[in-house]
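Dear colleague,

I am handing over the structure we spoke about, and I would be grateful if you could look through it alongside the notes below.

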Amino acid sequence: MHNLARQAENNPVILWQFSDGKRGHLSQTNGLIEALRRRVALRVYQVKAPPLRQALASCVSGTLGWAGDLPAPQVAVGAGHATHLPLLAARRSHQARTVVLMRPSLPVSWFDYCLAPAHDDPPARDNVIVTTGALNPMRAGQEQDPEHGLILVGGPSRHYGMDTDTLLARIRLLLTHAAPRRWTLSNSPRTPAPLTWALLELATDTIEVTPWERCPPDWMAAALARARDVWVTEDSVSMICEALTAGCRVGLLPLPRKAAGRVQRAIEQLLGEGFVHIHNDHDAGVQLPAPPRTLDEANRCAGLLLERGLLQPITSTY
């Protein structure tokens with residue numbers, strides 16, 4: 001491992017970070033890349049995933065006209081269906097090691113490594129690393145204030161509905177009875193407008209409400225670094241994992257569940273392992289318990305990838 005680190009320091013690893021433009025997917029790849037960067041010197045190029053037809057043609061021809069004059073990558077990383085073919089094209093053209101995050105729509109055997117959450121039910125293969133939740137770039141800090149709480153509200157999705165009145169009642173209970181004396185509230189792009197307006201009306205001298213569109217890029221990291229106790233609507237698995245990775249104590253605000261699926265499986269896994277506590281009206285004032293450990297999945301996966309030969313050259317194509 002130390003030899004790899006010294007080699008990379010003198011000769012930075014060229015890494016292509018494929019992006020489909022989705023914030024959540026970019027957060028996952030950022031988390032892995034930053035964890036790798038703490039071990040080896042990287043030169044990262046973010047590459048917009050090309051349209052499907054161009055990506056497919058590149059897989060066949062081995063030419064990547066859409067990549068311009070970027071230096072050839074040694075490693076290519078991507079999350080989201082639109083990045084799968086570009087990853088394979090980079091492997092075909094440049095012999096790059098490929099890392100796909102989340103279970104891909106293509107066979108996992110086509111990629112060098114797959115980092116897949118347990119709730120995606122990934123196959124048991126040597127190139128698959130199973131994760132608890134989604135990777136993210138958060139890091140645990142020491143400055144969290146037990147007097148400060150954070151409430152993060154999502155919205156309806158294909159997995160969850162929305163009961164605005166019940167949710168607002170739970171939030172008011174927390175603001176009145178839970179341990180923190182100062183609160184920050186924020187919403188998401190999926191939050192219905194009437195709920196957003198109701199949240200804004202909760203603002204006081206000790207309750208700050210910051211709509212998502214007013215949040216700068218580093219807002220979430222700063223908010224999680226400050227708050228010890230974080231309450232998140234259970235539809236927002238990415239925000240739940242970010243809070244756990246930041247070392248926070250995490251409570252869930254339940255929403256009406258639709259048909260069971262991978263998101264619900266993720267929530268049940270976190271509940272079963274004691275990482276999160278679900279809100280009910282009988283213990284609104286009870287202090288959130290600390291999780292069994294701080295999630296550090298990006299750091300763990302970066303170490304495993306290097307141990308398993310991420311920086312070793314490829315000797316054959318798929």
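What follows is a short account of a sheet, an acidic residue and a group of aromatic rings.

Please keep in mind that this is a predicted model. In the sheet, six strands are arranged in the order S9-S8-S7-S10-S11-S12, forming an open sheet with parallel pairing. Its edges are strand S9 (207-209) and strand S12 (276-278), each of which pairs on one side only, and the twist from one strand to the next averages 20°. Within this sheet, strand S7 (residues 145-152) pairs with S10 in the parallel sense over five bridges, and Gly149 has Asp229 of S10 as its bridge partner.

Asp235 lies in the loop between strand S10 (227-233) and helix H8 (237-245). With a relative accessible area of 9%, which is under the 20% cut-off, Asp235 counts as buried. The side chain of Asp235 makes a polar contact of 2.7 Å with the side chain of Arg190 and another, of 2.6 Å, with that of Thr233. Apart from neighbours within four places in sequence, the residues in contact with Asp235 are Gly154, Gly155, Tyr160, Arg190, Leu255 and Val263.

Turning to the aromatic residues, two aromatic pairs were counted. In one of them, the ring centres of Trp16 and Phe18 are 6.1 Å apart and the planes stand at 80°, so this pair is edge-to-face. Trp16 and Phe18 are both buried, and together with Trp66 they form one aromatic cluster.

With best wishes

Conventions: Residues are numbered from 1 along each chain as its sequence is written. This is a predicted model: local features need pLDDT of at least 70, side-chain atom pairs count only at pLDDT 80 or more; totals for chains, interfaces and linings use all residues. Side-chain values use heavy atoms; hydrogens and water are left out. Helices (H or I, at least four residues) and strands (E, at least two) are DSSP runs, numbered from the N terminus. Buried means under 20% relative accessible area, exposed over 50%, partly exposed in between (1.4 Å probe, protein chains only). A polar contact is a pair of N or O atoms within 3.5 Å; within protein, one must be able to donate a hydrogen and the other to accept it, and residues adjacent in sequence count only if both atoms are side-chain atoms. Contact means heavy atoms within 4.5 Å. Rings of Phe, Tyr and Trp (its six-membered ring) pair if their centres lie within 6.5 Å; planes under 30 degrees apart count as stacked, over 60 as edge-to-face and the rest as tilted. Two strands pair if DSSP finds at least two bridges between them. Axes are lines fitted to C-alpha atoms, for helices over the stretch in contact, and angles run from 0 to 180 degrees between N-to-C directions.
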